[in-house]
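Please walk me through this structure in the viewer. Tell me what to select at each stop, and what is there.

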Amino acid sequence: MTGRCQVRFVSRNLVEEKENMPKNFEKTLLKRLSKENADKLLALPNEKLHKFVAEAIELCNPDSVFVCSDSPEDIGYIRRRAIELGEEKNLNVEGHTYHFDGPNDQGRDKEQTKYLLPKGMQLGEELNTLGKKEGLAEIRGLLKDTMRGREMLVRFFSLGPINSPFSIPAAQITDSAYVAHSEDLLYRSGYEQFKRIGNSPDFFRVLHSAGELENFVSKNWEKKRIYIDIEDELVYSVNTQYAGNTVGFKKLSLRLAIRKALREGWLSEHMFIMGVHGPAGRTTYFTGAFPSFCGKTSSAMVQGETIVGDDLAYLRRINGEVRTVNVESGVFGIIQDINPKDDPLIIKALTTPGEVILSNILVKDGVPYWTGDGKEHPDSGVNFTGNWFRGKKDKSGADIPPSHKNARYTIRLSALPNLDPRADDPEGVPVGGIIYGGRDSDTCVPVQESFNWSHGVVTIGASLESETTAATLGKEGVRAFQPMSNLDFLSIPIGVYIRQHLEFTLGLLKMPKIFGVNYFLKGKDGKFLNDKKDKYVWLKWMERRVHGEVDAITAPTGLLPYYQDLKELFKQVLDKEYTPEQYEIQFTTRIPENLRKLERIEAIYRKDVNTPKAVFDVMEEQRQRLQAAKAQFGEYVSPLVLIKK
């Protein structure tokens with residue numbers, strides 16, 4: 001056995017690297033992997049990868065190791081193990097399963113998600129950090145022997161399309177078949193990609209263990225830790241199963257990608273990608289960044305348009321234009337309020353036989369239920385707290401809902417009937433426009449275009465705010481600063497991040513336009529000024545602006561639509577009348593509110609020594625335009641007045 005395996009190393013030209021391996025490196029792999037799994041691992045001639053697997057084996061001490069290739073047989077094995085281990089259970093629809101994370105593991109744990117920093121490195125006060133030496137000692141202590149009695153799963157994925165200028169190889173080790181199965185739905189298989197990169201050390205790594213299980217969920221959730229070693233591009237996660245903490249290639253690797261993008265001159269963003277369809281069969285691609293509960297998914301899934309991705313995007317400059325790809329190939333979406341009336345495309349995927357994982361919903365007799373699904377719910381069943389019945393209380397005496405508000409669905413994008421035909425294009429799709437949107441009750445108009453790239457980056461993207469809702473934090477209307485909807489995932493100082501955006505388009509031949517949208521503007525009576533489906537019209541107007549087919553009004557904060565253009569689009573798209581009165585109240589520039597917003601945002605950036613001077617210059621220009629308009633027209637400026645100017 002030993003002789004045969006040594007020949008394998010020699011046949012892969014690893015003799016020189018072998019001399020530098022730790023003493024137990026080769027011994028660990030040969031001793032702990034079966035011949036079949038050793039063959040699969042050693043077919044990837046990558047010293048860093050082999051070392052990663054060997055060290056994880058020594059640390060976590062599994063009973064066995066399964067190396068998963070791209071073959072249907074290997075991927076099918078992962079799914080079967082999730083069922084056999086009880087991490088997932090079958091629903092009545094063929095291929096559909098459900099999973100519970102437990103009552104104490106229901107979301108991304110911001111407090112326990114920390115960057116491990118080497119001595120002397122600083123990222124800024126707003127980021128949650130820990131010394132690398134201290135953090136590694138703690139997380140390795142928590143991971144020690146966690147896989148004893150279990151099987152270690154070694155997975156390979158490609159972030160972005162396979163064999164693409166965008167693609168980043170990624171390897172994850174986990175003992176959760178549910179986590180590994182989720183990744184099969186969310187990412188492109190990357191075993192063959194690792195063959196192509198040879199001995200390159202340029203890939204992301206994740207090591208996860210669910211820890212001790214009780215009733216199939218992580219028992220020691222109080223010791224949950226998610227640590228990101230940004231120096232070694234390695235994520236550690238332990239004592240958690242929730243996908244946001246364990247599927248390492250979502251927001252965890254987004255943090256690694258943001259640093260990599262800074263080094264290499266591209267952008268890693270928390271954005272959807274969609275195709276908006278214009279006249280004569282034209283498709284124009286947009287990316288969009290929206291904080292939670294601000295309409296991101298509903299925008300990406302608008303009927304009549306096509307989706308490339310709903311969450312993460314890489315943007316690069318290629319041949320003089322900005323192109324983008326979806327990092328993922330699946331959707332891990334919030335299922336609350338998904339119903340046949342509002343979300344027919346998603347509902348079709350969630351009710352058709354195929355591979356679907358539902359998490360933290362209510363199940364009764366093999367049928368799933370969730371809040372806002374439009375169905376009558378049973379009085380009892382099984383949910384994330386165990387056996388559930390109507391009126392069941394939590395420790396504080398509050399009613400436990402049938403399904404958690406963060407209950408999720410995991411599907412492949414290919415399950416959606418509106419998937420764009422270029423979703424897997426290795427060269428990406430050209431970006432015609434970038435959309436930023438937040439929850440804003442009293443300041444920004446429903447849709448506007450920036451004057452230029454710098455103006456859009458500073459006054460729309462970098463100034464993005466979102467009001468909290470009573471459903472999320474218990475207090476409504478608190479404005480949270482969320483630049484580019486990426487603040488929670490930044491791994492570089494915010495001023496450096498904004499500078500990166502300002503410089504990104506230098507030398508481009510074709511510039512994307514930047515737009516701001518606001519679906520949540522309210523009137524004096526506190527009611528929303530727009531219907532949910534009005535966004536269909538804003539998208540069509542932006543598509544036409546990209547191609548210069550409609551004119552715009554110059555307002556102090558940006559370029560606004562003309563009434564006649566919107567009137568025609570409302571009739572064409574929604575078969576709906578749009579009145580001059582609606583237009584005027586929606587597109588009035590609210591000068592006092594805009595000036596207060598400038599003050600809030602500028603104060604934040606003044607605290608960061610890395611903020612480029614251009615940020616304050618652009619803000620000052622906006623302030624002067626607002627003050628000049630106030631002097632001429634008053635505090636609230638109708639778009640009709642601006643037309644006459």
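The tour below goes from the cores to helices, sheet, hairpin and single residues.

**Stop 1: the cores**

Keep in mind that this is a predicted model. Begin with the largest nonpolar core, which has 145 residues. Select Leu350, Ile498, Trp538, Met542 and Tyr605, the residues with the most contacts inside that core. Now center on Trp538. Beyond its neighbours within four places in sequence, Trp538 is in contact with Pro446, Val447, Tyr519, Asn530, Leu566, Phe570, Tyr578, Gln586 and Phe587. Next, move to a second, separate core of 35 residues. Phe52, Phe194, Phe203 and Leu234 are among its members. As background, nonpolar side chains in soluble globular proteins tend to be buried together.

**Stop 2: helix H17**

Select residues 535-546, which make up helix H17. The helix has twelve residues and reaches 17 Å from its first C-alpha to its last, close to the expected 16 Å. How many of the twelve residues of H17 are buried? Eleven are, so the helix is largely enclosed by the rest of the structure. Trp538 and Met542 are on the buried list, and so are charged-type names such as Lys535, Lys540, Glu543, Arg544 and Arg545. Step just past the helix to Gly548, where phi is positive at about 70°.

**Stop 3: helix H5**

Select residues 47-60 for helix H5. It has 14 residues and spans 20 Å from first to last C-alpha, close to the 20 Å expected. Color its buried residues: Leu49, His50, Phe52, Val53, Ala54, Ala56, Ile57, Leu59 and Cys60. Phe52 also belongs to the second core. At the N-terminal end, show Asn46. Its side-chain oxygen caps H5, lying 3.2 Å from the backbone nitrogen of Lys48. Just after the helix, Asn61 takes a positive phi of about 60°.

**Stop 4: the five-stranded sheet**

Show strands E2, E3, E21, E26 and E20. They form an open sheet in the order E2-E3-E21-E26-E20, with mixed pairing. Which strands stand at the edges? They are E2 (89-90) and E20 (330-334); each has a single partner strand, so one side of each is left without a neighbour in the sheet. Zoom in on the E2 end. E2 and E3 (residues 96-99) run antiparallel and are joined by two bridges. Lys89 has Tyr98 in E3 as its bridge partner.

Now add helix H8, residues 177-186. H8 packs on the sheet and touches E3, E20, E21 (356-359) and E26 (408-412). The directions of H8 and E26 make an angle of about 55°. Then add helix H13, residues 344-351. H13 also packs on the sheet, touching E3, E21 and E26. Its direction makes about 80° with that of E26.

**Stop 5: a hairpin**

Select residues 380-383 (E24) and 386-389 (E25). These strands run antiparallel and are joined by four bridges. The hairpin connects them through two residues. Look across from Gly381: Trp388 in E25 stands opposite.

**Stop 6: Ser450**

Where is Ser450? Look in the loop between strand E28 (447-449) and helix H14 (453-461). Ser450 has 3% relative accessibility, so it counts as buried. Its side chain reaches the backbone oxygen of Asn452 at 2.9 Å. Leaving out residues up to four places away in sequence, Ser450 touches His455, Gly456, Ile460, Ile514 and Leu559.

**Stop 7: Lys114**

Go to strand E4, residues 113-117, and pick Lys114. Is Lys114 buried or exposed? Its relative accessible area is 19%, and the cut-off for buried is under 20%, so Lys114 is buried. Among residues beyond four places in sequence, Lys114 touches Asn128, Leu130, Ile226, Tyr227 and Ile228. Draw a distance from Lys114 to Gly244, 130 residues away along the chain: their C-alpha atoms are separated by 14 Å.

**Stop 8: two loop residues with positive phi**

Most residues other than glycine have a negative phi. Select Asn215, where phi is positive, near 55°. Asn215 lies in the loop between E10 (213-214) and E11 (217-218). With a relative accessible area of 68%, Asn215 is exposed.

Finish at Glu233, with a positive phi near 50°. It sits in the loop between E12 (225-229) and E13 (234-238). Glu233 is buried, at 9% relative accessible area.

Note on methods. Residues are numbered from 1 along each chain as its sequence is written. Side-chain values use heavy atoms; hydrogens and water are left out. A nonpolar core is a set of buried Ala, Val, Leu, Ile, Met, Phe, Trp, Tyr and Cys residues joined through side-chain atoms within 4.5 Å. Buried means under 20% relative accessible area, exposed over 50%, partly exposed in between (1.4 Å probe, protein chains only). Contact means heavy atoms within 4.5 Å. The expected span of a helix is 1.5 Å times one less than its number of residues. A polar contact is a pair of N or O atoms within 3.5 Å; within protein, one must be able to donate a hydrogen and the other to accept it, and residues adjacent in sequence count only if both atoms are side-chain atoms. Two strands pair if DSSP finds at least two bridges between them. Axes are lines fitted to C-alpha atoms, for helices over the stretch in contact, and angles run from 0 to 180 degrees between N-to-C directions.
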